[in-house]
Amino acid sequence: MKFSNFQQNRRKPISKNHVISEHELATLRNRIEELERENQRLNVFNENALRESESRFDARSDAALRQSEERFRMSFEIGVVGNILIDDQGLIEEVNSQIETMFGYAADELIGRNVKILMPETDAKKHNHYIAAYLKSNKSKIIGAGRELKGRRKDGAEFPMLLGIGEMFMGDR
């Protein structure tokens, strides 16, 4: 607060019944300046505390996210069930070690390729149509239901397997 608009008279009326001397006015100005400096120090302190709090929150959020990702990774990888994660075009994004064992491919040989590589030719020809039809209608006969069919290994050998399909949404996908 600036007091430049105060006149420099010897005595200033504060109210009808009170008059303040130049010395009292100077004392008040000094006190106001001290309070303004203290207010600035408190603002800096508050800004620093807020930044530190946000940093701690971010660290906790990051830790919670890492923990959630680790839980997903463990549930995806652990167990005797083969898991494949594909996108809406049928491209493989993740496989677990059981899939590598069952089909004879290393994960890096599968990731980025269409999942139909793991199907006999007759099923592979229809698979892209099934995905497209599902994306168009949002109706599926196999999501949530298990069924027996054949898989195709890297060496071309076919084997019977039980297939279960689930659906998950991540963000806008």
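## Phe159 and its surroundings

In this predicted model, Phe159 is buried, because its relative accessible area of 8% falls under the 20% limit for that class. The residue belongs to strand 6, which spans residues 158-164. Arg153 is placed over the face of the Phe159 ring, at 4.1 Å from the ring centre.

## The aromatic pair

When the whole structure is searched, 1 aromatic pair is found. The partners are Phe103 and Phe159, whose ring centres are 5.2 Å apart. Their planes meet at 65°, and an angle over 60 degrees counts as edge-to-face, so the pair is assigned to that class.

Phe103 lies in helix 2 and Phe159 in strand 6, so the pair ties together parts that are 56 residues apart in sequence. Phe103 is buried, with a relative accessible area of 2%, and Phe159 is likewise buried, at 8%.

## Gln98 in helix 2

Helix 2 covers residues 97-103 and contains Gln98. With a relative accessibility of 16%, Gln98 counts as buried, because the class takes in values under 20%.

The side chain of Gln98 forms a polar contact with the side chain of Ser97, at 3.4 Å. Once neighbours within four places in sequence are set aside, Gln98 is in contact with Glu77, Gly79, Val80, Val81 and Gly82.

Definitions and conventions: Residues are numbered from 1 along each chain as its sequence is written. This is a predicted model: local features need pLDDT of at least 70, side-chain atom pairs count only at pLDDT 80 or more; totals for chains, interfaces and linings use all residues. Side-chain values use heavy atoms; hydrogens and water are left out. Rings of Phe, Tyr and Trp (its six-membered ring) pair if their centres lie within 6.5 Å; planes under 30 degrees apart count as stacked, over 60 as edge-to-face and the rest as tilted. Helices (H or I, at least four residues) and strands (E, at least two) are DSSP runs, numbered from the N terminus. Buried means under 20% relative accessible area, exposed over 50%, partly exposed in between (1.4 Å probe, protein chains only). A charge sits over a ring if NZ of Lys or CZ of Arg is within 6 Å of the ring centre and within 35 degrees of the ring normal. A polar contact is a pair of N or O atoms within 3.5 Å; within protein, one must be able to donate a hydrogen and the other to accept it, and residues adjacent in sequence count only if both atoms are side-chain atoms. Contact means heavy atoms within 4.5 Å.
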